[in-house]
Amino acid sequence: MGIDIGRMELTLRRTMRGEDKKQSSMLVLMSPETRVLQAHPLRAIKKLADAALAKLSPVFDAMYAEGGRPSIPPERLLKSMLLMALYSVRSERQFCEQLDYNLLFRWFLDMDMVEESFVPTVFSHNRDRLIVHDAAGEFLRAIVEEARKARLMSADHFTVDGTLIEAWASLKSFKKKDDDDKTPPDDPGNPTVDFHGEKRSNDTHESTTDPDAKLARKGKGKEAKLSYSAHALIENRNGLVLDLQMDVADGHAERRNALEMLDNNLPGQRRITVGGDKGYDTSDFVEDCRERNVTPHVAQNITKRRRSNIDERTTGHAGYAISQRVRKRIEEVFGWIKTVGNFRKTRYIGLGANQLAAHLLASAYNLLRIAKLTAAA
């Protein structure tokens, strides 16, 4: 079957050629609201975020003085961080650049067409204020409460896990704590450091760039990097995040933070189950869970030298197999915050700033999940 070239040319000629007008309109009356589709997924996220931020008004009032120079609204700062997580914006500077021309971002932040974008230093100047008042943590808890009211969360079954987040510090900054060598480096931007053959550990060495970062490795045979540890607590019905805590990577942070998150978010008023991997199969963690009215559905760690701390009374229950299957959903949280959220390697220095970022990432993940779940209902 051939192509009728003549008929095709005739059809194409019936369309008049458009002109490329160089002169733009002198006056445009337009709101960003008119440029965002009614079915855009960010509309549902904005509605949920605004409802949660409205509950934080007393927290925001306590953050600022009654008089003085007006600042950028804290609601706008938190929503900006949400956008950076949702759209994988790699820095505050890049976000402020995009805010000049991105109508979707302006609409999400309730900015009009002529309002100027704020400068990147706004984030650094206000970060300490947000950290002190735990604004991001309160935001996450408000979102979790909204999910509970919508009956999107399980009240009985949960999962904990941890992962390593690479710190914003190089191994060259990992020096002896008592090193008082004042010799200037051969290259201030990228000095030559010969640490081969030197035994280094967190007990004797410390990063001069980020003292909170610790040398850690993901497993045997893996390279050691300066890292933080991130710990998540999710519910098993829809995989929503109840808490995401950052801590120093000292080797014991997983079990310590798991118990803290259980205490802070799930007080032992009723019996619940908590799934976990083999790293949580220790006698102290299992005992501490049972003291909190928590049934530990952790994977059994059985080797030739040790027995599991979970017996058949737990593994024989049908719920144990379900918890072991569903607990893998927590890897979706870590995968999202590391790829979409750009948190495989943190861009912040210090535990406080990284905790702020973790709470905002957990909030963004929850808002995205809640918007999809409510749209499908």
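## Strand 1, helix 4 and the largest cavity

Strand 1 (residues 157–166) is mostly covered, with 8 of its 10 residues buried, where buried means under 20% relative accessible area with a 1.4 Å probe and protein chains only; strands are DSSP runs of E of at least two residues and helices runs of H or I of at least four, numbered from the N terminus. This is a predicted model, in which local features need pLDDT of at least 70 and side-chain atom pairs count only at pLDDT 80 or more, while totals for chains, interfaces and linings use all residues. Residues are numbered from 1 along each chain as its sequence is written, and side-chain values use heavy atoms, with hydrogens and water left out.

Two strands pair if DSSP finds at least two bridges between them, and the pairings of strand 1 are as follows.

| Partner of strand 1 | Sense and bridges | Residues opposite |
|---|---|---|
| Strand 7 (residues 272–276) | parallel, 3 bridges | Thr-159 and Gly-275 |
| Strand 5 (residues 225–235) | antiparallel, 9 bridges | Glu-166 and Ser-227 |

In helix 4 (residues 74–86), the end C-alpha atoms are 18 Å apart, which agrees with the 18 Å that its 13 residues should span at 1.5 Å a residue, the expected span being 1.5 Å times one less than the number of residues. Of these 13 residues, 12 are buried, among them Arg-76, Lys-79 and Met-81. Ser-88, which follows helix 4, has a positive phi near 55°.

The largest cavity (a set of points on a 1 Å grid over the protein atoms alone where a 1.4 Å probe fits but cannot get out) is lined by 17 residues, those with an atom within 4 Å of a point, and Met-81, Arg-347, Tyr-348, Ala-357 and Leu-361 lie nearest its centre. Helix 4 and helix 14 (351–376) are the elements that give two or more residues to this lining, and helix 14 gives the largest share, 5 residues.

Methods: Buried means under 20% relative accessible area, exposed over 50%, partly exposed in between (1.4 Å probe, protein chains only). On a 1 Å grid over the protein atoms alone, a cavity is a set of points where a 1.4 Å probe fits but cannot get out, and a pocket is an open set with protein on both sides within 12 Å along at least five of seven lines; lining residues have an atom within 4 Å of a point.
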